[in-house]
Amino acid sequence: MTMEFTDRVTRVEPSATLAISALATELEAEGADVVDLSVGEPDFPTPENIVEAGKDAMDAGHTGYTTSAGILELREAIADKLADDGLEHTADEIIVTPGAKQALYEIVQALIQEGDEVVLLDPAWVSYEAMVKMAGGELTRVDLSDSDFQLEPALDDLEAAVSDDTELLVVNSPSNPTGAVYSDAALEGVRDLAVEHDITVISDEIYKEITYGVEPTSLGTLEGMADRTITVNGFSKAYSMTGWRLGYFAGPEDLIDQAGKLHSHSVSSAVNFVQHAGLEALETEDAVDEMVAAFEERRDLVIDLLDEHDVDVAVPEGAFYMMLPVDDDDQAWCEGAIEDAHVATVPGSAFGTPGYARISYAASEERLEEGIERLAEEGYL
């Protein structure tokens, strides 16, 4: 029997970041010592108090279904957290999801249909493109590589890209893969264009708690943006809870009603006891501060190591990634780096920006030093 697959599936490629990670795992299984600088997750364990909260929730019997949108206590706690960021949302305007990726998927599915235009700021996280294509949308991309990945100098390019036909703009600050944090002036430029052309904006703030000396602004706090901004965040990055799969989005009530249909008919709800662990996570600050301090030290270490080899990079202000300039054929560079140096990175073309490789510095200082040394020894720097 030959199966025929839908266009919405065949038009997308598997996740490049997960593909590289799988190759690294395969080499490790063969006995190779791979320095994995491709992974998009903290290398710290989930804080113990969060783990205990999850265990306690299971012991207390929180193992059944919850309300589809999530337990009320968690949605209220998220609303309080958003209020601290300057965003006003009630618990009824929030859906808790199995990871922030699911939140983004539900939003795109609820808003985008065949032929709708979605604008991305490149480099852009790999799954944005796939989600838009699966919904039948068309992509317009704005390249930020000539402005050290900052949006403010590229506002004219963004203005040229958007129009009254633009349905959705995706803004990710701090950014994966660049670590860039967009200035208030940049976000105000986004606001002006969104209002002028009546564009809905996704503000992906999954790295908002991981910044270095800057305080990122939530796009929805700007005048005129409250009813056209959908804020996405989650627990994976800030609280080192990637495997727990817990995220959320907040937006206008009519969006919540429509996206909630997809949510209820697909995942039903996020895992019950994981939501209770999320409640504890929102009260956890010291562990987050410790992780952020460690990431900042590692960032500075990698920049210094690259500088020793005369390699300049745009300094990230958030997240735990940086973009390394490489050969024009970044795919071949990354494949060679993992085969020859046993160092895993992700090609920039996966993010819409050829000529770069993404490095994650969510690894120990020892492994970061080892990885850079290997790349230099094998002629990749």
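**Group meeting: two sheets, two cores and some helices**

Okay, let me start with one pair of residues: Pro325 sits opposite Tyr356 of strand S12. Before I go on, keep in mind that what you're looking at is a predicted model.

So, where does that pair belong? Pro325 is in strand S9, which covers 321-325, and Tyr356 is in S12, residues 356-360. S9 and S12 are antiparallel partners, with five bridges between them. On top of that, S12 has two bridges to S11, and that pairing is antiparallel as well. Put together, you get an open sheet of three strands, ordered S9-S12-S11, with antiparallel pairing. S9 and S11 (346-347) are the edge strands, each pairing on one side only.

If you want to check the S11 register on your screen, look at Val346, which stands opposite Arg358 in S12. Then take Pro347: its bridge partner in S12 is Ala357.

Now, S12 itself. How many of its five residues are buried? Five of the five, so to speak the whole strand. As a reminder, side chains in a regular strand alternate between the two sheet faces. In S12, Tyr356, Arg358 and Ser360 are on one side, Ala357 and Ile359 are on the other, and all are buried. Yes, that list has an arginine in it: Arg358 is among the buried ones.

Next up, helix H12, residues 330-341. Here's a quick sanity check on its geometry. At 1.5 Å a residue, its 12 residues should span 16 Å, and the C-alpha atoms at its ends are 15 Å apart, which agrees. The buried residues of H12 are Asp330, Trp333, Cys334, Gly336, Ala337, Ile338 and Ala341. What do they pack against? There are helix H2 (16-29) and helix H13 (365-377), plus the strands S9, S10 (343-344), S11 and S12. And right after H12 comes His342, with a positive phi near 55°.

Trp333 shows up again when we turn to the nonpolar cores. The largest one has 88 residues, and the members touching the most others are Phe235, Tyr239, Phe249, Phe320 and Trp333. Which helix gives the most to this core? That's H11, residues 286-308, with nine residues. There's also a second, separate core of 28 residues, including Phe149, Ala180, Ile199 and our friend Tyr356 from the opening pair.

On to the other sheet. This one is open too, with seven strands in the order S2-S8-S7-S6-S5-S3-S4 and mixed pairing. S2 (94-97) and S4 are at the edges with a single partner strand each, so one side of each has no neighbour in the sheet. From one strand to the next, the twist averages 20°. For a parallel example, take S5 (166-172) and S6 (200-204), which pair over five bridges. Leu169 has Val201 as its bridge partner in S6. Helix H4, residues 72-84, packs on this sheet: H4 touches S2, S7 (229-234) and S8 (247-250), and its direction makes about 115° with that of S2.

Just past S4, in the loop between S4 (138-143) and helix H7 (155-161), you'll find Gln150. Skipping residues up to four places away in sequence, Gln150 touches Leu144, Ala180, Val181, Tyr182, Ser183 and Glu317. Ala180, remember, is one of the residues in that second core. If you like distance checks, the C-alpha atoms of Gln150 and Thr221 are separated by 20 Å, with their positions 71 residues apart along the chain.

Last stop, a helix pair. H3 (48-59) and H10 (272-281) have axes that come within 8 Å and cross at roughly 145°. The crossing is right-handed. From H3, the contact uses Asn49, Ile50, Ala53, Gly54, Ala57 and Met58; from H10, Phe273, His276, Ala277, Glu280 and Ala281.

Val51 also lies in H3. Leaving out neighbours within four places in sequence, Val51 is in contact with Thr46 and Trp244. And one more distance to try: Val51 to Glu296, 245 residues apart along the chain, is 25 Å between C-alpha atoms.

That's my tour; over to you.

Terms used
Residues numbered from 1 in each chain as written. Predicted model: local features only at pLDDT ≥ 70, side-chain atom pairs only at ≥ 80, totals over all residues. Heavy atoms only, no water. Core = buried A, V, L, I, M, F, W, Y, C linked by side-chain atoms within 4.5 Å. Buried < 20%, exposed > 50% of the residue type's maximum accessible area, 1.4 Å probe, protein only. Helix = DSSP H or I, 4+ residues; strand = E, 2+ residues; numbered from the N terminus. Pairing = 2+ DSSP bridges. Expected span 1.5 Å × (residues − 1). Contact = heavy atoms within 4.5 Å. Axes fitted to C-alpha atoms, helices over the stretch in contact; angles between N-to-C directions. Left-handed = near helix turned anticlockwise from the far one by under 90°.
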